[in-house]
Amino acid sequence: MRKARWRTASGALLRVVVVWAVSTLTMLALAGLLPDFQLQSHDGEAITRTAGTAAWAAGVFGLLGALVWPLVVRALLLVPALVLGLLVFFLNGSLLLFALWLVPDGRGEADPQNAVAVAAVMSAVASATSTALAVRDDDAYRRRLYRLAGRRRTRPPELGPDSPPGTVFLQLDGVGHRVLRDAAATGTMPTVAAWLGTTHRLTSWRTDWSSQTGASQLAILHGTNHDVPAFRWYEKDTGRLMVSNRPASAVELQRRAIERTGDGGLLTLDGASRGNLFSGGADQLALVLSVSARRGRRNRSRAGYVAYFRDPANAVRTAVSFVAEVGREIGQSTRSRLRKETPRVGRGGLYPFIRAFATVVERDVVVAAVMGDVLAGRTAVYADLVAYDEVAHHSGPHSRDAAHVLRRLDRSLALIAEAAEHAPRPYRIVLLSDHGQSPGETFASAYGLTLRDLVRSGCGLPVPRGARHTPGGAEARGALRSAVRLPVEEGREERAPRTSDPIVLASGNLGLVSFPDVTYRLSREEIERRHPALLRTLADHPGIGFLLVRSERHGSVVLGPGGFEAPVDDLTDDDGPLAPFGPGTADAVRRTDSFPHVADIMVNSRYDPATGTVHAFEEQIGSHGGLGGEQSEAFLLYPCTVSPPAGDGAELVGAEEVHRVLRRWLRESQGPQVPLQEVPSRPLPDEAFPVAGRVVPDKHC
């Protein structure tokens, strides 16, 4: 035992000395390259004295980074997270200037610009060196991964290699079944391909009519998505506009789900929720929208930023990657515009920054948090990686841009699997998606007017000249909104004025039309008395697939082109306009029709089964939210060691059914599922992500 302790201590001391030496050499090299960064007086000094100055400055800078940096980041918890990431360079440069100021005789000096550059390079070099030295030391490697998430917890005596396995659920937002299968087959995602060949099986599951994260993830984590008709909808009884990626709406949706099921969620027993819209009942939270509306200490979700950014090397790397991703998006969009690729949507304004946040900042923070959870031995972890969904909306689900994002997500999966090898218990990794995406030209681009314009025309109301674009509602925007500014007050809501003019909302290729001047769902007969041409204008438009409205005589009915009309209760999947949408369409329509807050008119765009395309009512060439094509075909990649999600020949339908499957898998693991005692951690110097080089399967299928 004593020998082991001495070996550990000597190894740690050796790593400190080597990192110090490498940092000193790096500082000497930078002093030679940068004219305004000096480590000696203007008269010149012996090389040994200059080297001593570099060693002194490097040591002080490293010590400040280990002790002061975590405290500075924690003190800036209320600073918007994205702003904190951009402040990294200046904070790190300030620490270097302070370190040079402490050098005896004042021999070290640098102008502020060079200080920022030198600090960034030294942090990256020191982190890479420390990681390389520790890669063969399992104990050091484990401690480094623990510190990535800023949480340490003692290993309970009952956890070990023979303990019941924990489960990590990784949601690849917007990745459809076909996209994942093709990415594995073409080598775009080699980690997924390796799992498919050894440890995992792949199946698809069919989403509800509302094929979007708000509905799917609410049901997956909390067991129900009842009364979630779309990504955004208007509630007549309260006058409230619900938007799934707004904090106030996420809080209310989660409250309703818990009230309906009487259960806290999938993750209530020793769980962690990372990067999600909803908490799932977890105690450990990071980047969870439903708690981002909270202020002060109650907002534990923002602590995930602190855990990640308190390592200056992590912060520098993420900030550099963020800037590079902005440049990559500008270059890719420019190339698309010069080549006159179609379909195409605008990708200017804030979009390059939104994309960079989703593909870099959120990914890095969520992956770090999941790695910490695994090494802490948590029973259940659910994390959402939104990068692909954001890029596919604007570049297309089968584009080169989207494929590049899938490659980077695959590396993140390998990194998490690598961390699981060092965990105090075995882990099962489950990959799933909440929906897919269907390609296609936007409704406005194809027909020269928006759905709102078409509705107003059918009502005899003035229509503005030129098509007005409807902004997209990708999930990453909600996370970015809470990251770039202080969160909104909990309970703050958006309300629409009660006028006779219709409210027209878009959720991908699903449109909702509501008349806010009445507090109940208008019937077809009432709508026709108000606006005789509206329903036929919509139903007969070539870009519209079908409508759902309530009828006083037949209950609810589906309307389609050519005068088609069928009561919802008598619908089959072979009926008229529903036939192209495939099996399960009639059941999905009937279920949504039963929701209290279904719109007066539900509008689903046309779907072409020959090309697999739809027409989004938003500015998206890859869309989801309605029926039609790949958007309704999500995937579930599960270990061979768990029971099949459905019986032989049975199809997995609806996000609520997916919740029941995941619940069953957690029960199958048996063993204790209770919160384990936390051990407060002291600020420690953190290192960068290690590079994952392998994924070792635990068992063959």
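**Note on helix packing, the eight-stranded sheet and selected local features**

1. In this predicted model, helix α13 passes helix α15 in a right-handed crossing. The two helices, residues 351–375 for α13 and residues 400–420 for α15, pack at an angle of about 15°, and their axes are 9 Å apart. Helix α13 is therefore roughly parallel to α15, since angles under 35 degrees count as such.

2. The contact between these helices draws on residues along both partners. From α13 come Arg355, Thr359, Arg363, Val367, Val370, Met371, Val374 and Leu375, which meet Asp401, Val405, Arg408, Ser412, Leu415, Ile416, Ala419 and Ala420 of α15. By class, the contact of α13 with α15 comprises 10 nonpolar, two polar and four charged residues.

3. The loop that leads from α12 (312–338) to α13 contains Pro343. The peptide bond from Thr342 to Pro343 is cis, with omega near -5°. For context, most peptide bonds are trans.

4. A second helix pair is formed by α8 (residues 213–222) and α22 (residues 655–668), whose axes come within 7 Å and cross at roughly 30°. That angle makes α8 roughly parallel to α22. The crossing of α8 and α22 is right-handed. On the α8 side, Ser216, Ala219, Ile220, Leu221 and His222 take part, meeting Ala655, Glu656, Val658, His659 and Leu662 in α22. The contact of α8 with α22 has six nonpolar, three polar and one charged residues.

5. The loop between α8 and β5 (232–235) holds Asp227. Asp227 is not a glycine, yet its phi is positive, at about 65°. Most residues other than glycine have a negative phi.

6. The model contains an open sheet of eight strands with mixed pairing, in the order β8-β7-β9-β3-β10-β22-β4-β23. Its edge strands, β8 (284–286) and β23 (652–653), each pair on one side only. Strands in a sheet pair through backbone hydrogen bonds, in either the parallel or the antiparallel sense.

7. At one edge of the sheet, β7 (residues 271–274) pairs with β8 in the parallel sense over three bridges. The bridge partner of Ala272 in β8 is Gln284. Helix α8 packs on the sheet and touches β3 (166–172), β4, β9 (380–385) and β10, and its direction makes about 175° with that of β9.

8. Strand β4 has two pairing partners to be noted. It runs antiparallel to β22, to which seven bridges join it, and Trp205 stands opposite Ala634 in β22. By contrast, β4 and β23 run parallel and are joined by two bridges; in β23, Val653 is the bridge partner of Arg206.

9. Helix α7 (residues 190–198) also meets the sheet. It lies across β4 (200–206), β10 (427–432) and β22 (633–639), and it runs at about 105° to β4.

10. A search of the whole structure finds eight aromatic pairs. Phe546 and Phe581 form one that is edge-to-face, with 5.4 Å centre to centre and 90° between the planes. Phe546 belongs to strand β15 (residues 544–551), whereas Phe581 lies in the loop between β17 (565–567) and α21 (585–593), so the pair ties together parts that are 35 residues apart in sequence.

Methods
Residues numbered from 1 in each chain as written. Predicted model: local features only at pLDDT ≥ 70, side-chain atom pairs only at ≥ 80, totals over all residues. Heavy atoms only, no water. Axes fitted to C-alpha atoms, helices over the stretch in contact; angles between N-to-C directions. Helix = DSSP H or I, 4+ residues; strand = E, 2+ residues; numbered from the N terminus. Parallel < 35°, antiparallel > 145°, perpendicular 65-115°, else oblique. Left-handed = near helix turned anticlockwise from the far one by under 90°. Contact = heavy atoms within 4.5 Å. Nonpolar A, V, L, I, M, F, W, Y, C, P; charged D, E, K, R; others polar. Pairing = 2+ DSSP bridges. Phe/Tyr/Trp six-rings, centres within 6.5 Å; stacked < 30°, edge-to-face > 60°.
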